[in-house]
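Q: I am new to this structure and would be grateful for a close look at one part of it, the place where two of its chains meet. Please then relate that part to the chains on either side.

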Amino acid sequence: MNLLAVDALDVRHGLLQAVRAVSFNIERGETIALVGANGAGKTTLLRAIAGAHAATGGRVSFNGADVTHMPAHSRVAQGIALVPEGRRLFAKMSVEENLMLARAAGRPGAWTIDAVMEAFPNLKARRNARAGTLSGGEQQATAIGRALMTNPELLMLDEVSLGLSPLAVDRVYASLQTLLNSGTTIVLVEQDLTRALRVAGRVICMLEGRIALEGKAADLTREQVTQAYFGLNKTGAGAAA
Amino acid sequence: MIWVNQIIQGVLLGGYYALIACGLSFMFSVMGIINIAHGSFAILAAFGLFLLADQWGVSPFLGLIIVVPAMAAIGWALQRAVLERSSRAGILVPILSTFGLSIVIDNLLFEFFGADTRSLAPYIGSFSYDSWSLSDDIEIGQLSALIFATAVILLGGLQLFLSRTELGRAIRATAEDADTVGLIGVNARLVNATAAAIAMATVGLAGAALAMRATFDPYAGAPQLIFAFEAAVIGGAGSLWGTLIGGIVLGVAQNIGAQINPQGFFIAGHGIFLVILFARLFWGGAGAAFLNSLRRSA
Amino acid sequence: MSRQSPIRVVRWSGLSIGSVAVAVALTILLAAGPLFLGANAIDKLTTLFIYVILAVTWNALAGYGGLVSIGQQAFFGLGAYGAVRLADAGVSVYPALVLAAVLVGLIAWPISVFMLRLKAGEFAIGMWVVAALAHLLVNLDNLVRGETGTSLIALNAYAAETRHALTYWTALGAMVGLIGILFALLRSPLGAAIQAIRDNEDAAASVGVRVMRTKQIIFVLAAFGVALAGALWLATTITFQPRTYFSVQWTAYMIFMVLVGGLGTFEGPILGAILFFAIEAWFGATGVWYLVGLGAAALLFALFLPKGLWGWVDQRLGLRLLPVGRWLKIDETAPMGTSKSTESGST
């Protein structure tokens with residue numbers, strides 16, 4: 001049985017249809033890179049799976065159960081976690097408090113505050129600092145740690161490297177590697193194609209709200225992904241005709 | 001000595017203002033809503049206690065066991081039925097809807113209880129006027145002291161609740177970013193309804209304090225809203241300890257004003273509110289720093 | 001250029017030209033009212049005109065300026081008080097009504113500098129504090145004698161019939177004048193700024209709209225209008241009791257009229273005032289239940305129909321009698337084929 005099944009999902013922002021009839025499945029333990037240009041609908045798709053944005057059509061099933069109309073907090077309790085774009089930490093609260101909040105999900109497990117501190121050693125010294133005073137890398141680590149505290153079965157990461165220095169990105173990915181090795185199911189939105197292809201087992205490329213390309217990372221060339229990314233194959237075919 | 005007494009009485013009165021401001025300030029800091037019907041709800045609670053005492057001889061202190069939970073339930077319902085929908089429609093709609101609600105409450109109270117001015121003082125025996133004498137000129141009313149202590153305990157308790165408990169953290173997080181709390185498993189609707197219930201429970205206490213220490217009538221809600229608002233703003237909206245200082249500043253200013261001119265009580269109160277408000281708006285940094293230093297030294 | 005483009009910007013429709021013509025004709029007819037209407041009808045209409053002024057100015061403030069004030073009774077009371085003071089100082093009564101409103105408008109300018117820095121709910125109750133303070137300060141004036149109040153005795157110089165007619169004409173003139181000023185203002189470049197602020201204050205500021213100055217103009221205009229209404233109310237009742245004039249009930253009426261009629265629509269508040277006038281005539285005698293009904297109606301409209309009755313009509317029919325916005329018409333015969341009519345900067 002698939003862990004996550006997305007079936008003909010439609011999501012709108014007012015008049016704009018951001019996600020159009022998207023379908024895909026995720027097996028337990030997979031790592032998937034979701035790529036695409038800005039505005040392709042990646043963030044909206046993740047938010048709709050997490051329940052932060054209501055779908056206008058289609059179905060999302062998790063562990064075989066229909067969660068399409070479930071509010072976000074209940075989906076977290078089912079095991080879906082999203083590290084949102086822009087991190088969205090509670091800036092006035094401490095790192096520890098940000099992490100403790102996730103206990104509301106009611107999913108005890110391997111991830112505790114101490115485990116997060118072990119996975120992201122740069123947070124140890126900042127445990128009682130207000131989240132608003134952290135560096136970008138520390139904030140991202142806290143945001144990922146906060147999602148992990150819900151002990152998710154599916155972890156979705158939206159643009160973890162956005163706004164971080166290359167050094168901080170390396171550090172975040174080094175920590176993520178532990179996670180990847182542990183067998184957690186992960187969906188990753190990443191602008192850096194090289195990195196995405198290196199980490200992921202499977203790649204889904206979105207273009208204008210639709211899936212333009214999907215396949216095993218090992219089977220795809222960088223060029224194929226780039227073409228899907230910019231919609232080049234489509235215009236190329238048009239020019240040939 | 002008259003002045004010293006006026007200031008002491010002002011500080012004690014400030015305890016009442018802090019108590020009535022507590023719920024308003026709490027609701028504003030958590031949900032970003034200024035509940036215009038706040039004062040009317042305090043009067044509703046006062047009439048509830050009056051009814052219990054007058055009809056069934058229930059002591060007002062005992063009556064709180066019924067009225068405070070009832071007010072909490074009203075707060076829950078208010079959030080679900082009115083505030084939630086209003087705040088989704090924009091920042092102006094909650095003002096309009098709660099103002100409409102205040103008119104409904106005031107006039108329904110008038111319909112059922114008439115225009116008579118009431119007080120709970122007759123139902124609490126000599127406690128309403130018993131006092132400790134500090135000197136010939138200075139007396140501290142026991143009821144005033146109890147109200148002041150209640151305000152301090154309530155504000156302190158809320159502060160602890162917000163910083164130390166899981167629900168308190170969830171309330172603070174929801175206040176900061178109601179969209180994101182859902183992503184970490186917090187039910188924002190439940191949290192907001194709980195916060196509204198807590199705010200309205202404090203309004204129940206404030207209504208009791210008002211009804212015991214003074215008189216009230218169905219239309220007494222509006223001035224209570226204004227006093228609560230002034231105390232909350234003077235203290236820096238959303239800061240609980242600031243609310244206590246705001247209440248004290250307001251109470252002291254009113255008592256000093258009353259000493260100067262018979263009409264000076266209210267004029268001085270509104271005056272100090274406007275002066276502090278504008279000082280903060282125009283010399284924002286310096287004013288806030290001054291108030292922060294006050295808050296720290298308190 | 002415009003001849004080649006299939007898209008035209010239209011400010012008038014046939015219906016709206018017709019309705020403005022009807023409005024002008026109605027005004028002329030109303031102006032002749034005292035010639036053929038009885039004293040009772042004249043008094044009733046005067047009251048209606050005052051309600052329209054209250055509704056239209058509160059709507060300008062809240063619907064266009066995004067400023068919900070619960071303290072407009074401050075200006076209502078000050079307008080009446082100013083008229084009492086000016087008449088006492090020897091100014092002829094009817095000029096004194098208008099002059100009082102002008103003075104209140106002048107006072108409103110410095111008040112706006114302070115109050116407009118407050119946001120949403122803080123502004124709302126902050127204005128209430130201003131009203132409470134104004135009430136207390138007016139009570140200090142020996143002429144007013146506290147809550148006992150005083151009268152505009154100078155009015156007794158006129159015969160009753162003359163007085164009613166003069167008050168009627170002043171109220172009619174004030175109402176038409178204020179609606180006219182507002183109509184012109186909203187159709188001027190400033191009107192576009194006002195509507196931009198209403199839709200999104202930050203975005204308006206970012207495209208160069210002077211938000212503060214624009215809001216100040218609305219605030220002062222609203223204060224002037226409400227003060228004029230207060231002075232006119234004084235002319236109809238003669239007695240000035242501060243408690244009555246500085247009552248928050250006036251603002252409650254304004255909110256009811258605007259919410260029911262249509263917040264942020266031009267025609268809505270006028271409709272709301274007429275409805276309020278009728279409801280008061282029918283149910284006013286029921287006293288408390290009437291007030292409960294007003295409050296409940298305001299609550300329900302705020303929750304379920306925040307654009308009021310006119311907003312509802314407008315949404316379904318696209319009806320604009322007094323158009324302050326622009327229609328974007330896409331020509332049906334144009335090669336683009338699709339025909340579409342949308343409007344921007346709606347009323």
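A: In this predicted model, two pairs of chains touch, and chains B and C share the most contacts of the two. Chains A and C, by comparison, are joined by no contact, and their closest C-alpha atoms lie 15 Å apart.

How many residues of chain B are in contact with chain C? There are 35 residues of chain B in contact with 34 residues of chain C. On the chain B side, four helices each supply at least two residues: α3 (60-88), α4 (93-113), α9 and α11 (264-282). The largest share comes from α4(B), with 13 residues. By class, this side of chain B divides into 26 nonpolar, six polar and three charged residues.

One of these contributing helices, α9(B), merits a description of its own. Helix α9 of chain B covers residues 221-234, which makes 14 residues, and reaches 20 Å from its first C-alpha to its last, close to the 20 Å expected at 1.5 Å a residue. Is α9(B) mostly covered or mostly uncovered? It is mostly covered, for twelve of the 14 residues of α9(B) are buried. Among the buried residues are B:Leu225, B:Ile226, B:Phe227, B:Phe229 and B:Val233, and B:Gln224 and B:Glu230 are buried as well. Just after α9(B) comes B:Gly236, which takes a positive phi of about 90°.

Elsewhere in chain B, helix α1 (residues 2-31) packs against helix α5 (residues 142-164) at an angle of about 35°, the two axes lying 7 Å apart. The crossing of α1(B) and α5(B) is left-handed. From α1(B), the residues that meet α5(B) include B:Leu12, B:Gly15, B:Leu19 and B:Phe26, while those of α5(B) include B:Ala145, B:Phe148, B:Ala151 and B:Leu158. This contact holds 13 nonpolar and three polar residues, and no charged ones.

On the other side of the interface stands chain C, which has 15 helices and five strands. Of the 347 residues of chain C, 44% count as buried. Among the contacts in chain C between residues at least 6 apart in sequence, 77% join residues at least 24 apart. One of the helices of chain C, α13 (residues 268-283), has 16 residues and reaches 22 Å from its first C-alpha to its last, close to the 22 Å expected at 1.5 Å a residue. Which residues of α13(C) are buried? They are C:Gly268, C:Pro269, C:Ile270, C:Leu271, C:Gly272, C:Ala273, C:Phe276 and C:Phe277. The cover over these buried residues includes α3 (39-64), α12 (249-261) and α15 (308-317) of chain C.

Chain A, which has no contact with chain C, contains an open sheet of four strands in the order β2-β1-β4-β5, with antiparallel pairing. The edge strands of this sheet are β2 (16-26) and β5 (65-66) of chain A, each of which pairs on one side only. Helix α1 (residues 42-50) of chain A packs on the sheet and touches β1 (4-13), β2 and β4 of chain A; the direction of the helix makes about 65° with that of β2(A). Strand β4 (residues 57-62) of chain A is joined to β5(A) by two bridges, and these strands run antiparallel. There, A:Phe62 stands opposite A:Ala65 in β5(A).

Methods
Residues numbered from 1 in each chain as written. Chains lettered and ligands numbered in written order. Predicted model: local features only at pLDDT ≥ 70, side-chain atom pairs only at ≥ 80, totals over all residues. Expected span 1.5 Å × (residues − 1). Buried ≥ 20, exposed ≤ 12 C-beta atoms within 10 Å, placed from the backbone. Contact = placed C-beta atoms within 7 Å. Pairing = 2+ DSSP bridges. Axes fitted to C-alpha atoms, helices over the stretch in contact; angles between N-to-C directions. Left-handed = near helix turned anticlockwise from the far one by under 90°. Nonpolar A, V, L, I, M, F, W, Y, C, P; charged D, E, K, R; others polar.
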